[in-house]
Amino acid sequence: MDIGGLLTSAGINISICGVLFSLYSVLRKQPSNASVYFTRRFISEPVPRDDPFGLHRFVPSAGWLMRAWRATDEELLEAGGVDAVVFMRIVVFSLRIFFIATVVCITLVLPVNYYGRDMEHKNLPVESYDVFTIGNVQEGSKMLWAHCFALYIISFAAFILLYLEYKSITKMRLAHLTGSHPNPSHFTVLVRGIPWSQDHSYSKSVESFFSTYYSDTYVAHQMVYRPSTVHKLKKDAKKMYRMLRPMETETEYVRGDKPCYLCGGSAHTFKVVHSGHDNIGSQTSIDDLHPAQIEKECPAAFVFFKNRYAAVVAAQVLQSSNPMLWVTQLAPEPHDVYWSNLGIPYKQVWVYKISSLLCALALVFVFCFPVAFVQGLTQPDVLTTWFPQIKGLLENQFINRVVTGYLPSVVLILLMYTVPPIMMRLSKIEGSVSRSERKRSACIKVLNFTIWNVFFVNVLSGSFIQQMSVFSKLQELPFQLAKQMPDQATFFTTYVLSSGWASVACELIQLFSLVWNFFRKFILRNKEEPTNIALTFPHHTEIPRMLLFGLLGFTLAILAPLILPFLLVYFFLAFLVYRNQILHVYVTKYESAGRFWPVVHNTTIFSLVLTQVIAVAVFALKEAPVASGFTIPLIIFSLLFNEYCRKRFSQVFRRSPAQVLIEMDRRDERIGREEGFYSQLRSAYCQLAYITKDLIISEDFSTAGPNRQREDDRSCHDEDESSLRQGAYHVRLEGAVEKGMK
């Protein structure tokens with residue numbers, strides 16, 4: 001590809017970005033699109049519908065860019081939580097390191113590449129892209145020291161920035177742990193692999209075990225029930241709620257600070273509680289369950305302790321001589337629990353994980369065929385062999401540039417859109433007990449898939465058998481990469497333009513949500529506002545894309561530095577767009593408190609080491625053994641730096657420090673823990689609690705209209721009484737489990 005083809009691809013993507021950015025600035029001003037572009041405010045606050053008509057609503061403006069630019073980390077933390085701030089730190093880190101790389105490589109490496117051989121240069125638009133790569137440098141040239149020096153600068157700049165970011169994010173995670181109010185998850189342990197006994201239920205087994213071995217700190221427990229049971233209860237509750245809603249009787253909502261009735265209650269089904277507390281009978285014990293309830297119990301439970309330290313100790317020690325029994329871990333936050341996977345017997349979890357891994361590997365290898373096909377689109381001679389009828393079209397210079405330069409990257413992007421949903425499904429199958437862990441697992445799967453298929457398969461282009469034969473001799477892999485990387489630089493540059501610039505613009509426009517909103521309002525004529533419109537941030541798609549671009553930037557920095565300015569523009573656009581999306585669009589339902597950063601750190605170290613290994617092979621091929629030898633210590637230092645960071649920081653992301661937990665417990669003892677906190681723990685981890693809360697909210701919303709303020713409470717006992725009393729009655733579910741089991 002020549003520079004003119006690259007500029008054609010850049011021009012197409014610049015046009016797409018300009019149109020979509022302008023269209024967004026107009027669409028966001030339309031009141032009918034409030035649920036698309038201001039989802040956070042739409043959910044938490046009433047949205048006025050009588051916005052006066054004016055021409056300003058149809059004039060593009062850039063005010064949102066300035067507001068996104070001026071937003072502080074405190075505002076991002078309040079809007080999106082720790083994970084949102086960590087994601088933006090990834091963008092900021094990428095901006096900083098690639099700004100340094102761009103300045104160093106454009107001023108030092110690019111001239112060496114361009115004048116590496118004695119040759120007559122053409123005009124810039126028709127100049128070959130290969131002239132700007134290291135392939136244009138003469139073998140044995142002393143100017144290769146410029147590449148080695150640039151590699152040292154980039155590597156040490158990355159080390160310093162990675163260390164500072166790791167340290168900052170670790171402090172942020174600890175501050176999140178210590179600065180939050182007493183969280184039910186800090187006092188709760190998830191127990192799986194409860195042994196079956198013919199003499200008593202799982203519930204009695206749990207109580208007996210923890211009362212015996214944790215008698216001083218054990219408070220209570222909450223059993224987990226089969227998902228089919230809860231779905232049946234949801235269906236019955238919805239039916240009964242709609243039956244009782246028209247009743248005009250003075251009733252009172254019963255607070256949810258009592259244990260959830262999924263754990264026990266009277267033998268009644270549904271009951272309307274009138275004003276006065278005389279009708280509220282005493283609840284039965286959690287162990288006084290009907291035999292049908294016992295049959296629906298899962299061998300899993302949430303166990304509650306008196307303090308955080310006791311919960312951490314119970315979660316981290318081996319409870320039994322059989323590691324497959326009484327398996328404990330810290331419980332995820334209530335909104336983070338993935339209830340459907342808790343019913344999987346622990347002894348089967350490893351089978352699910354292996355099956356998920358095998359499916360992911362199968363998808364990776366199957367995807368090699370379409371990627372090889374895409375790589376063939378970049379070569380005109382291969383295209384004319386496959387499709388002889390387009391030989392005449394390719395004689396047109398502009399069409400040739402579009403087909404061989406722009407089209408392959410677009411086809412690959414469209415194929416890649418199918419990967420994240422599949423990986424998310426596989427992460428669900430492997431048995432993750434929390435939604436954040438499922439998304440983190442999907443992120444790692446998508447990342448590995450992307451690095452293999454977009455990077456390695458494209459570099460090692462050829463047939464599938466040829467690609468696999470490279471790995472039969474791993475010692476030759478660096479030399480294969482060193483030979484092929486400069487040739488594939490044009491494809492990767494256009495891929496950054498298409499998958500980077502255009503994807504950021506599409507992220508801003510929210511195409512799928514916009515189309516569905518238009519179809520629902522203007523085609524289906526549905527005047528009711530949607531109730532489930534909240535989107536969580538797609539870490540599993542955006543983080544792998546950024547890390548892939550980081551890998552391309554590092555590996556091509558000294559080989560083909562022309563890619564760096566395009567990467568820098570992408571990260572700058574991402575900085576503005578994602579800040580805007582975090583502030584206005586995405587809703588934080590759960591978070592991992594920064595657990596994505598170790599994935600970013602490890603991948604960045606992998607990218608640096610791979611870059612240095614390729615540089616050693618390139619210098620060897622270019623007959624510069626001294627420069628190759630000077631690069632080897634850099635590889636060793638990279639590995640040592642990674643080991644230091646792993647020892648220094650990564651453990652904080654896996655386990656909670658006892659010192660911090662004990663100090664928090666002592667602080668609670670001094671100021672006095674909230675009255676009734678322990679009694680609220682069961683309600684926090686009640687399967688039915690969130691279902692009934694969502695039921696009331698959705699039903700009231702559909703009746704009261706969009707001006708009804710929806711709740712986003714953390715537990716079933718924190719319902720807003722003032723909102724709930726707008727209705728004339730409220731339903732108490734008493735003994736609903738027994739009815740659902742019959």
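Begin by selecting helix α1 (residues 3-27) together with helix α19 (residues 477-509): their axes come within 9 Å and cross at roughly 5°. Because angles under 35 degrees count as roughly parallel, α1 is roughly parallel to α19. Axes here are lines fitted to C-alpha atoms, for helices over the stretch in contact, with angles running from 0 to 180 degrees between N-to-C directions. Helices are DSSP runs (H or I, at least four residues), numbered from the N terminus.

The model is predicted: local features need pLDDT of at least 70 and side-chain atom pairs count only at pLDDT 80 or more, while totals for chains, interfaces and linings use all residues. Residues are numbered from 1 along each chain as its sequence is written, and side-chain values use heavy atoms, with hydrogens and water left out.

Next, display the side chains between these two helices. On the α1 side are L6, S9, A10, N13, I14, C17, L20, F21, L23, Y24 and L27; they meet T493, T494, L497, S498, W501, A502, A505, C506, L508 and I509 of α19. Contact means heavy atoms within 4.5 Å. The contact of α1 with α19 has 16 nonpolar, 5 polar and no charged residues. In this classification Ala, Val, Leu, Ile, Met, Phe, Trp, Tyr, Cys and Pro are nonpolar, Asp, Glu, Lys and Arg are charged, and the others, Gly among them, are polar.

Keep α1 selected and add helix α22 (residues 563-584). The axes of α1 and α22 come within 14 Å and cross at roughly 15°, which means that α1 is roughly parallel to α22. Their crossing is left-handed, that is, the near helix is turned anticlockwise from the far one by less than a right angle, whereas clockwise would be right-handed. From α1, the residues L6, A10, F21 and Y24 meet F566, L573, V577 and N580 of α22. This contact divides into 7 nonpolar residues, 1 polar and no charged.

Within α22, select L583. Its C-alpha atom is separated by 8.7 Å from that of F38, although the two residues are 545 apart along the chain. With neighbours within four places in sequence left aside, L583 is in contact with R40, A71, E75, L76 and A79.

Move now to helix α12 (residues 346-366) and helix α16 (residues 419-429), which pack at an angle of about 160° with axes 8 Å apart. The pair is therefore roughly antiparallel, the term for angles over 145 degrees. The crossing of α12 and α16 is right-handed. Select Y352, S356, C359, A360 and L363 in α12, and I422, M423, L426, S427 and I429 in α16, to show the contact. Its residues comprise 8 nonpolar, 2 polar and no charged.

Finally, turn to the internal space. A cavity is a set of points, on a 1 Å grid over the protein atoms alone, where a 1.4 Å probe fits but cannot get out; lining residues have an atom within 4 Å of a point. The model has 4 cavities of 30 Å³ or more. Which residues are the closest to the centre of the second largest cavity? Of the 18 that line it, they are D83, F537, H539, T588 and Y590. This cavity holds about 180 Å³, a volume being the space filled by probe spheres set on the points, which are joined across faces, edges and corners. Helices α5 (73-114) and α17 (435-459) each supply at least two residues of its lining, and α5 gives the largest share, 4 residues. By class, the lining of the second largest cavity has 8 nonpolar, 6 polar and 4 charged residues.

How values were computed: On a 1 Å grid over the protein atoms alone, a cavity is a set of points where a 1.4 Å probe fits but cannot get out, and a pocket is an open set with protein on both sides within 12 Å along at least five of seven lines; lining residues have an atom within 4 Å of a point. Angles under 35 degrees count as roughly parallel, over 145 as roughly antiparallel, 65 to 115 as roughly perpendicular and the rest as oblique.
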